[in-house]
Amino acid sequence: MKKAIYILTAAVAALSLAGCHTNEANYKAAYDKAVEKTRENMGEENYEHLQASRMAYTQVVNGDSVRLLRSYCNIIDGKPTDVKKYSVVVAMFDQVINARSYRDRLHSQEGFDSYVVYTNKDKKYCVVVQGFDNKGQAAAFVTHIKQYMKMKVLVPRAWILEKLG
């Protein structure tokens with residue numbers, strides 16, 4: 001079953017990359033197709049349980065409820081010192097090429113110094129739009145993300161990754 005998911009994901013990625021003009025609509029369509037396939041393979045009840053458990057990690061910061069996960073993480077294409085203590089995650093991918101592509105679009109279209117980290121907890125490549133040394137600043141960014149970022153967030157809700165170690 002995992003093999004079929006990987007093949008499907010690779011095929012979707014290849015088709016996305018083969019198009020003349022890569023845009024957010026292409027990425028969103030590929031992401032939606034992969035999510036739908038995952039839902040079919042896992043079963044609706046298991047998928048909903050997984051999503052609920054992911055959303056369970058909330059904290060109240062500055063009066064706002066934000067999702068905050070603590071994990072060890074490794075930066076991709078950078079130095080460990082580039083990763084801030086609190087990183088605002090706007091996309092998660094199984095494949096590093098997809099994460100790099102989204103990161104590059106965030107940089108070119110929005111001007112963010114975004115980066116990609118691999119989290120040991122979720123075993124995913126997370127695209128960080130902005131990093132902060134202060135949890136309150138990160139929470140304020142998440143709460144008002146639509147004011148700062150025009151591109152669509154590719155996770156159900158932007159969240160904060162607190163770097164351990």
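A nonpolar core is a set of buried Ala, Val, Leu, Ile, Met, Phe, Trp, Tyr and Cys residues joined through side-chain atoms within 4.5 Å, where buried means under 20% relative accessible area with a 1.4 Å probe and protein chains only. The model is predicted, so that local features need pLDDT of at least 70 and side-chain atom pairs count only at pLDDT 80 or more, while totals for chains, interfaces and linings use all residues. Residues are numbered from 1 along each chain as its sequence is written, and side-chain values use heavy atoms, with hydrogens and water left out.

Select first Val88, Val90, Tyr102, Leu106 and Met149, which touch the most other members of the largest nonpolar core, a set of 28 residues. At least two residues of this core come from each of S2 (64–71), S4 (86–93), H4 (96–110), S6 (124–132) and H5 (135–143), with helices (H or I, at least four residues) and strands (E, at least two) taken as DSSP runs numbered from the N terminus. Strand S4 gives the most, five residues.

Next, centre on Val88, whose contacts (heavy atoms within 4.5 Å) include Phe132, Phe141, Ile145 and Trp159, leaving aside residues up to four places away in sequence. Trp159 also belongs to a second, separate core of 13 residues, which includes Leu69, Cys73 and Cys126 as well.

Then move to H4, where the 15 residues should span 21 Å at 1.5 Å a residue (1.5 Å times one less than the number of residues), and the end C-alpha atoms, 20 Å apart, agree with this. Among the buried residues of H4 are Asn98, Arg103, Arg105 and Glu110. Finish at glycine 111, which follows H4 and has a positive phi, near 85°.

Key: Buried means under 20% relative accessible area, exposed over 50%, partly exposed in between (1.4 Å probe, protein chains only).
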